There are 2 protein chains.
Amino acid sequence: MLYTVGEMAKKLGVAPSTLRYYDQEGLLPFVERSSGGIRVFKDSDYEWLQVIGCLKKTGMQLKDIKSFIEMAMQGDETIEPRLALIVKQKESVKAQIAELEETLRTLEFKQWYYETAKKTALPPFRGIWHLTNCRSNFEKCV
Amino acid sequence: MLYTVGEMAKKLGVAPSTLRYYDQEGLLPFVERSSGGIRVFKDSDYEWLQVIGCLKKTGMQLKDIKSFIEMAMQGDETIEPRLALIVKQKESVKAQIAELEETLRTLEFKQWYYETAKKTALPPFRGIWHLTNCRSNFEKCV
DNA sequence: TTTTGACTTAAAGGTGACTTTAACTTGTAT
DNA sequence: ATACAAGTTAAAGTCACCTTTAAGTCAAAA
């Protein structure tokens, strides 16, 4: 199965210009061209693009994704550094999750605060600190 | 306790230029000035800045944080929309966590793949699909 | 009082990731 | 054969978020 840039973009849910930009930036060295110069995407290219998408979701920059793709194109001799990079990204994603969970807890406290303020028509906490599940690093209740 | 822009920046772990930029963008309407025009940060301003930091961590844009701050400056009459916004951000953060957890699972599979490839010096999966904990939305093993 | 370091502003510069534009080409459908 | 949608490129534009620069001011210490 073969695809034009527009078809592949649709399949991925991105703009065609995004794929052209990635190609220009050297992220798509695997994509071939027709005799007339038109990009021809294969199913295996879709899988490459899924890898790019996965790395992007980890917050990796395009230039680093490019390096990864270049390594992968080299073949099995680059398995070690690629593995190292995957492990590094795993740790990064774990840290991002931990930070978002902390942020979530802060938001939950703020929600509780606003809901209490609404009910009582007064700021909460008039000597009831010990009753609340409030956060140790307590912040201004805005 | 009072702070200059440099001291507050240090306390927050950001560049002084960042605080000046936020002020310029209208995110810090609460910060007062000395007679000579120097910004004077109070402890309560630190707490405002923590709120800004929290919202930034949810991925909110500066212009939306500005709206939130402006509402909070209005007082209790804006509690309802502020609560709604907090709840919305909570959902957004939950979705971000879910996506990162999915990404993490993909990375874990890739790590397993590379480690197996290293051991066997051959790509994994030669009829052993059913033995693996591999992902249903299987991707090219790059 | 003078020095010195940190402050002030407006304006320009930088970065990352695209998107848009303009002029042109390709390739399929009638 | 011709039209036409969708492809091509280089270059410029956009957006969010800062950072840097330049020229000048403030205020605490020597």
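Visitor: What makes E2(A) and strand E3 of chain A a pair?

Guide: This is a predicted model, and in it E2(A) and E3 (residues 39–42) of chain A are joined antiparallel over 2 bridges. Pairing calls for at least two bridges, so E2(A) and E3(A) qualify with their 2. One residue to look at is A:Glu32, whose bridge partner in E3(A) is A:Val40.

Visitor: Why are E1 and E2 of chain A said to stand at the edges?

Guide: The order in this open sheet of 3 strands is E1-E3-E2 (chain A), with antiparallel pairing. Strand E1 (2–3) and strand E2 (32–33) each have a single partner strand, so one side of each has no neighbour in the sheet.

Visitor: On to the DNA. How do you know that B:Thr4 makes a polar contact with DNA strand C?

Guide: Check the distance: an N or O atom in the B:Thr4 side chain sits 2.8 Å from a phosphate oxygen of the strand. The cut-off is 3.5 Å, so the B:Thr4 pair counts. B:Arg33 passes too, with a polar side-chain atom 3.0 Å from a phosphate oxygen.

Visitor: What about A:Leu62, with its backbone N or O atom?

Guide: That backbone atom of A:Leu62 lies 3.3 Å from a phosphate oxygen of DNA strand C, and 3.3 Å is within 3.5 Å, so this is a polar contact as well.

Visitor: Which helix gives the largest share of the surface near DNA strand C?

Guide: H2(A) does, with 4 residues. Helix H4 (62–74) of chain A and helix H1 (5–12) of chain B each supply at least two.

Terms used:
Residues numbered from 1 in each chain as written. Chains lettered and ligands numbered in written order. Predicted model: local features only at pLDDT ≥ 70, side-chain atom pairs only at ≥ 80, totals over all residues. Heavy atoms only, no water. Polar contact = N/O pair within 3.5 Å; in protein donor to acceptor, adjacent residues only side chain to side chain.
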